[in-house]
Amino acid sequence: MFAHPSGLSAAIRRVFDELDRVDTAPAGECVPPLDLYELDDAILVVIDLPGVPADAVQALFKEGVLVVAGEKPAPTCAAAKDAARFHLAERGFGRFARAVRLTVPIDATRADATLTAGVLRVRIPRLDDRRGAPVRIPVVAK
């Protein structure tokens, strides 16, 4: 049902270009984990984004692909009065983009996204799949 998108590099580049215009944070990369659920009435995408404010996240849907992009701020050491050096850094930070191709009929105009406690949930309502269903065409005598 779902496939990895191909040929989205231009769209992702445009999202990053727009983010660069908004904020010039240090350039790093992270890949937040993503879960994808197919519900009876919707598709649900869940992405872990701890420490990312809602205004640093963009979600867009185009040509059957949901793209979520943004920037996760670099961690700081609150206990250090002077600059601290990393000895071990496993938590990713910097710009990110995740893309998911959706191959089921959905209504992107009614989609909503919420960021609560570091978890982004994008819910996209499904449409009834009418492909292959018979459609009666009335015949009128003239």
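This report describes the strands, the two sheets and three selected residues of a predicted protein model.

## Overall architecture

The protein chain contains 1 helix and 7 strands. Along the sequence these elements follow the pattern α-β-β-β-β-β-β-β. Of the 142 residues in the protein chain, 27% are buried. The exposed surface of the protein chain amounts to about 10200 Å², of which carbon and sulfur atoms supply 53%. Contacts between residues at least 6 apart in sequence were also examined for the protein chain, and 64% of them join residues at least 24 apart.

## The four-stranded sheet

One open sheet is built from 4 strands in the order E1-E2-E7-E6, with antiparallel pairing. Strand E1 (34-38) and strand E6 (112-116) stand at the edges; each has a single partner strand, so one side of each lacks a neighbour in the sheet. From one strand to the next, the twist averages 15 degrees.

Strand E1 pairs with E2 in the antiparallel sense over 5 bridges, and a hairpin of 3 residues joins E1 to E2. Within this pair, Asp 35 stands opposite Val 46 in E2.

Strand E2 (residues 42-48) also pairs with strand E7 (residues 119-125), again in the antiparallel sense and over 7 bridges. Two positions illustrate the register: the bridge partner of Ala 42 in E7 is Pro 125, while Leu 44 stands opposite Arg 123 in E7. How is E2 placed with respect to the rest of the structure? Because 6 of the 7 residues of E2 are buried, this strand is largely enclosed by the rest of the structure.

## The three-stranded sheet

A further open sheet consists of 3 strands in the order E3-E4-E5, and its pairing is antiparallel. Its edges are formed by strand E3 (57-62) and strand E5 (94-101); each has a single partner strand, so one side of each is left without a neighbour in the sheet. Neighbouring strands of this sheet are turned by 15 degrees against each other on average, direction ignored.

Strand E3 and strand E4 (residues 65-72) pair in the antiparallel sense over 6 bridges. In this pairing, Leu 60 has Val 67 of E4 as its bridge partner.

The strand pairs for which bridges are given above are collected here.

| Strand pair | Sense | Bridges |
|---|---|---|
| E1 and E2 | antiparallel | 5 bridges |
| E2 and E7 | antiparallel | 7 bridges |
| E3 and E4 | antiparallel | 6 bridges |

## Selected residues

Val 68 is located in strand E4. With a relative accessibility of 2%, Val 68 counts as buried, because the cut-off for a buried residue is under 20%. Gln 58 lies 10 residues from Val 68 along the chain, and their C-alpha atoms are separated by 5.7 Å. Leaving aside neighbours within four places in sequence, Val 68 is in contact with Val 57, Gln 58, Ala 59, Phe 96, Ala 97 and Arg 98, and also with Ile 47, Leu 120 and Val 122.

Lys 72 likewise has its place in strand E4. Which side chain of opposite charge is nearest to Lys 72? It is Asp 48, at 9.2 Å; Lys 72 is buried yet has no salt bridge. The cut-off explains this assignment, because a salt bridge requires a side-chain nitrogen of Lys or Arg within 4 Å of a carboxyl oxygen of Asp or Glu. Apart from neighbours within four places in sequence, the contacts of Lys 72 are Cys 30, Pro 50, Val 52, Gly 92, Phe 93, Gly 94 and Phe 96.

Ala 113 belongs to strand E6, which stands at an edge of its sheet. Is Ala 113 buried or partly exposed? At 46% relative accessibility, Ala 113 counts as partly exposed. Ala 113 and Arg 123 are 10 residues apart in sequence, and the distance between their C-alpha atoms is 6.3 Å. When neighbours within four places in sequence are left aside, Ala 113 is in contact with Leu 120, Arg 121 and Val 122.

Note on methods
Residues numbered from 1 in each chain as written. Predicted model: local features only at pLDDT ≥ 70, side-chain atom pairs only at ≥ 80, totals over all residues. Heavy atoms only, no water. Pairing = 2+ DSSP bridges. Axes fitted to C-alpha atoms, helices over the stretch in contact; angles between N-to-C directions. Buried < 20%, exposed > 50% of the residue type's maximum accessible area, 1.4 Å probe, protein only. Contact = heavy atoms within 4.5 Å. Lys, Arg positive; Asp, Glu negative; His and termini not counted. Areas by Shrake-Rupley, 256 points an atom, 1.4 Å probe, with all protein chains shown as cover.
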